[in-house]
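Trainee: I have a new model open and would like to learn how to read it. Can we go through it feature by feature?

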Amino acid sequence: MKNHEQYARCLVLAGGGFRFGYYLGAHAALEEQNRAPDVLLATCGGAIAAAIIAGAPDARARLEWAASPAMYRFLCAVQSTPHATPLRTVAGAARRWLGHTPAPRIPDLFRDYLFELPATLPLPPQPAAGAPALAIVGARLLFGPGDVGAARGDRPLFVQTVFCPPRAARLLDGREAPAADPRWSAGAVAPRLEVDSTESLHDAVRSSVADMFYFASHASQGRHYSGGVIDLFPLELAHHLARNVIMERKMPFNPWLAAPALRAVFGIDGAARLRHVHGLHADAWVDTRDMAQALRGHGIGKRIDWRRNRIGLAVPASHAAYGAQVRAQWDYGYRKGTAAMMGEKI
């Protein structure tokens, strides 16, 4: 039975990393079809896209914001840490791939990471008139720096958290955390979802993008948060929020890097979680399973600087080249969003 307080339509922005521009194109396609969402449920890089959608007044302004000199300068300012050496990074990935026990020890999400983010994300200052509500996924840490390295045992280490306005919080309050479901979770995530209506949008986005091993956990109001990667596919939460749901059909986790990292930190079998989500109902699916091929060369990946013995971000050499990347992402998202609407009545 649907709750009268539910939103009409939810678009799930499920990750995307620094290729988040494709969400802006998909949202523009929905607007064009008079199916614009009134709530956005976002994780990781999708949280940046959600903040831009809410803060800029129209599709053109959103594209311009994502491709702006300020966003380009922000990406150029992301710096490698001393931990970001090729040998150390490969060794860590190999240990996680070889280790089959889910979340055996408390991970170091305070010091063991590759990149330093600048202090401030270049987000719009406030939501525009008539903007959709934002619900942003993060993971609150239940441990501190002094616990790092200890055996976990049966101890939960994370609380799946959604930063959202009071209306969304009422719809989600008391729900079970999808990331804690024993069908894919080994107990490192607490069973109950947490909702937080007190966090600033900037801190909520920073918490969501703070993916393990890439960035440090984010500190806010005396708490530490890691990334929205704890649940990239929160389809169940979307159904609690809205009467109609538009979800992305995602490519599988990388079996050598992403899946072992998710298992080692959160104790989650990412492949099992994704299979389950793809078997659930959504009113429309935006199929991006070909994104790695379709956007090859149009995203910010990693590169090795052999002279400095560092892994860094492969940011385009000029603002113009970066703008072309964002436009390619936007066009891809627009095509996929348009295709999702073909024949759909939502």
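Trainee: Let me start with one residue: does Thr161 count as buried or exposed?

Mentor: Before that, two housekeeping notes. This is a predicted model, where local features need pLDDT of at least 70 and side-chain atom pairs count only at pLDDT 80 or more, while totals for chains, interfaces and linings use all residues. Residues are numbered from 1 along each chain as its sequence is written, and side-chain values use heavy atoms, with hydrogens and water left out.

Mentor: Now the idea: buried means under 20% relative accessible area, exposed means over 50%, and partly exposed is in between (1.4 Å probe, protein chains only). Thr161 has 0% relative accessibility, so it counts as buried.

Trainee: Where is Thr161 found, and what is it in contact with?

Mentor: Thr161 is found in strand S6, residues 158-163. Helices (H or I, at least four residues) and strands (E, at least two) are DSSP runs, numbered from the N terminus. Contact means heavy atoms within 4.5 Å. Leaving aside neighbours within four places in sequence, the contacts of Thr161 include Ile136, Val137, Arg140, Asp196 and Tyr225. Glu194 is another one of them, and its side chain joins that of Thr161 in a polar contact of 3.1 Å. For a polar contact you need a pair of N or O atoms within 3.5 Å; within protein, one must be able to donate a hydrogen and the other to accept it, and residues adjacent in sequence count only if both atoms are side-chain atoms.

Trainee: Let's try loops. Which residues does Phe20 touch?

Mentor: Phe20 lies in the loop between strand S1 (7-14) and helix H1 (21-32). Its relative accessible area is 3%, so Phe20 is buried. Not counting residues up to four places away in sequence, Phe20 touches Gly45, Ile48, Ala49, Ile52, Ala66, Met71 and Gln329. Also look at Gly299: it sits 279 residues from Phe20 along the chain, with 9.1 Å between their C-alpha atoms.

Trainee: And His281, which loop is that in?

Mentor: The one between helix H10 (270-278) and strand S11 (284-287). His281 is partly exposed, at 49% relative accessible area. Beyond four places in sequence, His281 touches Leu235 and His239. The side chains of His281 and Asp283 also make a polar contact, at 3.4 Å.

Trainee: How many residues of H2 are buried?

Mentor: 11 of its 11, so helix H2 (residues 45-55) is mostly covered. Among the buried residues are Gly45, Ala47, Ile48, Ile52 and Ile53.

Trainee: How many residues does the largest nonpolar core have?

Mentor: As a general idea, nonpolar side chains tend to be buried together in soluble globular proteins. A nonpolar core here is a set of buried Ala, Val, Leu, Ile, Met, Phe, Trp, Tyr and Cys residues joined through side-chain atoms within 4.5 Å. The largest one has 110 residues, and Phe158 and Phe266 have the most contacts inside it. H2 gives this core its largest share, eight residues.

Trainee: Which residues form the nonpolar patch on the surface?

Mentor: Trp97, Leu98, Trp256 and Leu257, with about 470 Å² of accessible area together. Such areas come from the Shrake-Rupley method with a 1.4 Å probe, and for residues only the protein chains shown count as cover. Patches are made of residues with over 30% relative accessible area and no salt bridge; like charges are joined within 9 Å, and nonpolar side chains (Val, Leu, Ile, Met, Phe, Trp, Tyr) within 5 Å. Leu98, in helix H5 (residues 86-98), is exposed at 56%.

Trainee: Last topic: how many salt bridges are there?

Mentor: A salt bridge puts a side-chain nitrogen of Lys or Arg within 4 Å of a carboxyl oxygen of Asp or Glu. By this rule the count comes to 15. One of them joins Asp181 and Arg183 at 2.8 Å, N to O; Asp181 is buried at 18%, whereas Arg183 is exposed at 56%.

Trainee: Which residues are linked with Asp231 in a network of salt bridges?

Mentor: Glu236 and Arg273. In the Asp231 to Arg273 bridge, the closest N and O atoms are 3.1 Å apart. That pair links distant parts of the chain, 42 residues apart: Asp231 is in the loop between strand S9 (223-226) and helix H8 (235-241), and Arg273 is in helix H10. Asp231 is buried at 1%, and Arg273 is buried at 4%.
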